[in-house]
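Here are my notes on the model you sent over. Have the structure open while you read, and go through the points in order.

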Amino acid sequence: MKYVWGEVKEEPMLNNTLTRQFISGGQITMARIILKKGCIVPTHSHESEQMSTVFTGSLKFVVGGKEIVVGPGETLVIPSFVPHSAEALEDTDETDVFAPIRKDWIDGTDDYLRGKAK
């Protein structure tokens, strides 16, 4: 199946400091995420292994207690079930790829991105 990013639904998250678009296949979820400077993605973990590639801007991740700054042209791999968070150090355009698929995104139970406490 072919997707056109300009036609994929945009979801405003985290008090409109993050906008997400995503598509899922049978085993992989891919997302384009736009974060405004200062956006904080709270600490969370998930079954999916994650690859995050920054195209513009920069993100400071805390992965398993270690700070890692990812800038343009760089990719970070986050293993399954490892707690992590992110902070946009500037306005950032990035892509995340997850395997297996993010069922919580599909069914809307991703409360940490919706600004809801669990």
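1. How do strand β5 (residues 49–56) and β10 pair, and over how many bridges? They run in the antiparallel sense, over seven bridges. One pair to look up is S52, whose bridge partner in β10 is D96. Strands here are DSSP runs of E, at least two residues, and helices are runs of H or I, at least four residues, numbered from the N terminus; two strands pair if DSSP finds at least two bridges between them.

2. A word on the ground rules. This is a predicted model, with local features needing pLDDT of at least 70 and side-chain atom pairs counting only at pLDDT 80 or more, while totals for chains, interfaces and linings use all residues. Residues are numbered from 1 along each chain as its sequence is written, and side-chain values use heavy atoms, with hydrogens and water left out.

3. Now the other side of β10. Strand β3 (residues 29–35) is antiparallel to β10 and joined to it by seven bridges, with T29 standing opposite F98. Strand β10 itself (residues 92–99) is mostly covered, with six of its eight residues buried (under 20% relative accessible area; exposed is over 50%, partly exposed in between, with a 1.4 Å probe and protein chains only).

4. Zoom out to the sheet. It is open, with six antiparallel strands in the order β1-β2-β3-β10-β5-β8. The edges are β1 (11–13) and β8, each of which pairs on one side only. On the β8 edge, five bridges link it to β5 in the antiparallel sense, and V54 stands opposite E74 there.

5. Next, the inside. The largest nonpolar core has 22 residues, and L18, L35, V41, F61, W105 and L113 have the most contacts inside it. (Such a core is a set of buried Ala, Val, Leu, Ile, Met, Phe, Trp, Tyr and Cys residues joined through side-chain atoms within 4.5 Å.) Elements giving two or more residues to this core are β2 (18–24), β3, β6 (59–63), β8 (74–78) and β9 (84–88).

6. L18 deserves a click. Leaving aside neighbours within four places in sequence, L18 is in contact (heavy atoms within 4.5 Å) with residues including M13, I33, L35, V41 and L113.

7. Overall, the protein has one helix and ten strands, and the helix comes last in the pattern β-β-β-β-β-β-β-β-β-β-α. Of the 118 residues, 40% count as buried. The C-alpha atoms fill a box of roughly 35 × 30 × 25 Å along the principal axes.
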